[in-house]
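Student: I have a structure to read and little practice. Can we go through the features one by one?

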Amino acid sequence: MAMGLLTRLAQPGHFMRWSRALLPWVAGLAIVLLAVGQYLTWFVAPPDYQQGETVRIMYIHVPAAWMAVFFYGAMAVSALGTLIWRHPLADVAQRAAAPIGAAFTLICLVTGSLWGKPMWGTYWVWDARLTSMLVLFLIYCGLLALWRTIEDPNRAARAVAILTLVGAINLPIIKFSVSWWSTLHQPASILRMGGPTIYASMLYPLLVMIAAASALGIALHLQAMRTEILRRRVRTLTILEAERLDAALMAPQAA
């Protein structure tokens, strides 16, 4: 029953109706959480005893890293929907997620470099975590380019879905790179056995910023999906209108 309800809600027509009602609430939640998160980041969270004020980059860097990985995971699930169930909304969800995930990945890389210069003495090192995040960004860019390269939407959807699943191998590498190799990047400090290692005064502002980034990402994704559905409807109507005009032009000649 639950699967049937989800399938029905995922139909493009139903999606456009419930997403139109939900989108303002998610966007409003994102604005509130961002405002609270920024207040906690700049006026409540203390500076780190070693990193000083530079630690505040963490409140943008970590949420961006989380969203970069989250959106690629969502794209991998959508790719399965395209290849196995051939659901019409799966490719829409995947295509809408790609530029958002790429943007969060770029923010993660840039803020990480800005933090690395004062802490490590360099903007970039070929560290396992940094390199795997760069690979994620390149995969995002490759998928966006592939969509533009293949004109047939169905062929493009299948090709991108296959490449997305291949690229998903990079996700566990990103997660466990700090454990598998001796890296310059610090190990996990939130999702780890034994609980977080960050003081509560820093942890709670960080969790609020992660929640804000999640709400913002979902709002952007819903809006991008709605735009993509409308773009495909316009494309279909344009093709049908062109075919109708061609048929009208050919009719007198046939008579």
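Tutor: Start with exposure. A residue is buried under 20% relative accessible area, exposed over 50%, and partly exposed in between, using a 1.4 Å probe and protein chains only. Before we apply that, note the source: this is a predicted model, where local features need pLDDT of at least 70, side-chain atom pairs count only at pLDDT 80 or more, and totals for chains, interfaces and linings use all residues. Residues are numbered from 1 along each chain as its sequence is written, and side-chain values use heavy atoms, with hydrogens and water left out.

Student: Is R86 buried or exposed?

Tutor: R86 counts as exposed because its relative accessibility is 59%. It lies in the loop between α3 and α4. R86 also has a positive phi of about 50 degrees, although it is not a glycine.

Student: You wrote α3 and α4. How are such elements defined?

Tutor: They are DSSP runs, numbered from the N terminus: helices are H or I with at least four residues, strands are E with at least two. Here the protein chain has eight helices and zero strands. Along the sequence the pattern reads α-α-α-α-α-α-α-α.

Student: What does the whole chain span along its principal axes?

Tutor: The C-alpha trace spans about 85 × 40 × 35 Å. Of the 255 residues in the chain, 37% are buried.

Student: How do I read a bend in a helix?

Tutor: Fit one axis to the seven residues ending at a residue and another to the seven starting there; the angle between the axes is the bend. Helix α2, residues 12-44, bends by about 35 degrees at L22. A proline, P24, follows within four residues.

Student: Which residues of α2 are buried?

Tutor: They are F15, M16, S19, L23, V26, A30, L33, G37, L40 and T41.

Student: What counts as a contact?

Tutor: Heavy atoms within 4.5 Å. Now sort contacts by sequence separation. Among the contacts in this chain with a separation of 6 or more, 76% join residues 24 or more positions apart.

Student: Show me one residue with partners far off in sequence.

Tutor: Take I229, in helix α8. Its C-alpha is 7.4 Å from that of P12, yet the two are 217 residues apart in sequence. Leaving aside neighbours within four places, I229 is in contact with F15, M16, L89 and V92. I229 is buried, since its relative accessible area is 4%.

Student: And what is a nonpolar core?

Tutor: It is a set of buried Ala, Val, Leu, Ile, Met, Phe, Trp, Tyr and Cys residues joined through side-chain atoms within 4.5 Å. The largest one here has 28 residues, and Y72 and L136 touch the most other members. Five helices each supply at least two residues of this core: α3 (58-85), α4 (88-120), α5 (128-149), α6 (153-167) and α7 (170-180). Apart from it lies another core, of 12 residues, with L23, L89, A219 and L222 among them.

Student: What does Y72 touch?

Tutor: Not counting residues up to four places away in sequence, Y72 touches L136, I139, Y140, L143, L163, T164, G167, A168 and L171.

Student: Why does D91 count as buried?

Tutor: D91 counts as buried because its relative accessibility is 7%. This residue lies in helix α4. Beyond its neighbours within four places in sequence, D91 is in contact with T82, W147, A157 and R232.

Student: Where is A157?

Tutor: In helix α6. A157 is buried, with a relative accessible area of 7%. Its contacts, apart from neighbours within four places in sequence, are T82 and D91. The C-alpha atoms of A157 and R95 are separated by 8.7 Å, with their positions 62 residues apart along the chain.

Student: Where does D48 lie?

Tutor: In the loop between α2 and α3. D48 is buried, with a relative accessible area of 16%. Leaving aside neighbours within four places in sequence, D48 is in contact with V55 and M202. Its C-alpha is separated by 50 Å from that of G13, 35 residues apart along the chain.

Student: One last case. How does A211 score for exposure?

Tutor: A211 is partly exposed, with a relative accessible area of 32%. Its place is in helix α8, residues 200-254.
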